[in-house]
Amino acid sequence: MNEHSATVEKEVTPAHIMQIGTGFWASKVLLTAVRMGLFTHLASGPLSGEAIQKVLGLHQRSLYDFLDALVALGFLHREGLKEHAVYTNSEDANVFLDRKKPSYVGGILEMCDHRLYKFWESLEEGLKTGRPQNEIKESGTALFEELYKDPARLKEFMSAMRGAQIGPFIAFATNFDFTPYKTLCDIGGASGALCIQVARNNPHMECTTADLPAVQPIAKESIAHFKLEGKIKTVELDFFESPFPKADIITMGNILHDWGLNEKKVLIKKAFDALPSGGAFVVIENIIDNERRSNVMGLLMSLNMLIETESGFDYTAQDFEEWAREAGFSKVYTMPLAGPTSAVIAIK
């Protein structure tokens, strides 16, 4: 037997193409289940298909196709079949998709369902024009300006961002060495989620969450919920108009990617100016791998910045290091956090 005949050639099939091409089917099944609160209902205990039908107000047709699709996708477990079936949440759905749990990440999925899903239909237009494809097409007003006009929508957006960020924030708060530092300021701190995790896990740290005035009530409510008023303060900040508050650590969670290159460099330099010698600038985002091959979420998030912003984009650790050193930082390294998210850290 020669070497060629002994080699098993890889079979070429369209399976991967079809999985990705029809991926919106699976996505919409999950998003619909989240929106209807299915996983929250099941977090209280197992339910039959008939019970789920009643509690969600579903039609009999396709009831079991919907539920069993969620089984096949790994979001539900099932005992029995069809009319005799009993459904429970999978382990990850029970932790992350129950609205009553602090670990709930469904906020970002809810926003994907009722906002981003329809905007991504215009991806081709965005690729050809370089222009955002969200609310600005109809109102002429940028996303954040629209949000700040409506407290309810702003709170919903902040909840979505918290859901997307909480895993990486916990990983940063528990794995980063805070020993040499005493103070932290989170720029664009939104609901205060990052400061809350740092303060809970590092009692010696004094934290500040800095954001626009419209965000302050949301942050204060979150901080009070965790009884951390004595460890975290809120300050009003327009981060392009004013200097950053002084702190040993300056953080940004999913802020830098909202902006174009010139604005990114301005923010990095402002962080440098606010830090003492030895201070750390920490940026937490879906950092794209340097070869731009493996972090799918990072690349897709960069496309989402096309949909949502005037000039924002995601970037590699190598890109960030170049900008940070240009600003004057002496050392830059990457710290993997949760899933596709990493922290890029620059030391002054």
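Two strands are taken to pair if DSSP finds at least two bridges between them. In this predicted model, that criterion is met by strand S2 and strand S3 (residues 86-89), which run antiparallel and are joined by four bridges. One position in this pairing is easy to pick out: Leu76 sits opposite Asn89 in S3.

Zooming out, the sheet is an open one of three strands, ordered S1-S3-S2, with antiparallel pairing. Strand S1 (47-48) and strand S2 (76-79) take the edges; each has a single partner strand, so one side of each is left without a neighbour in the sheet.

Next comes helix H15, which covers residues 261-274. Its 14 residues reach 20 Å from the first C-alpha to the last, close to the 20 Å expected at 1.5 Å a residue. Quite a list of H15 residues is buried: Lys264, Leu267, Ile268, Lys270, Ala271, Phe272 and Ala274. An α-helix has 3.6 residues a turn, so residues three or four places apart point the same way. As for what lies against them, the buried residues of H15 pack against two strands, S7 (249-253) and S8 (280-285), and also against helix H17 (317-327).

Over on the surface, Phe24, Trp25 and Tyr117 make up a nonpolar patch of about 350 Å². Tyr117 belongs to helix H8, which spans residues 106-119. Tyr117 has a relative accessibility of 33% and therefore counts as partly exposed, a class that lies between buried, under 20%, and exposed, over 50%.

Note on methods. Residues are numbered from 1 along each chain as its sequence is written. This is a predicted model: local features need pLDDT of at least 70, side-chain atom pairs count only at pLDDT 80 or more; totals for chains, interfaces and linings use all residues. Side-chain values use heavy atoms; hydrogens and water are left out. Patches are made of residues with over 30% relative accessible area and no salt bridge: like charges are joined within 9 Å, nonpolar side chains (Val, Leu, Ile, Met, Phe, Trp, Tyr) within 5 Å. Accessible areas come from the Shrake-Rupley method with a 1.4 Å probe; for residues, only the protein chains shown count as cover. A salt bridge is a side-chain nitrogen of Lys or Arg within 4 Å of a carboxyl oxygen of Asp or Glu. Buried means under 20% relative accessible area, exposed over 50%, partly exposed in between (1.4 Å probe, protein chains only). The expected span of a helix is 1.5 Å times one less than its number of residues. Contact means heavy atoms within 4.5 Å.
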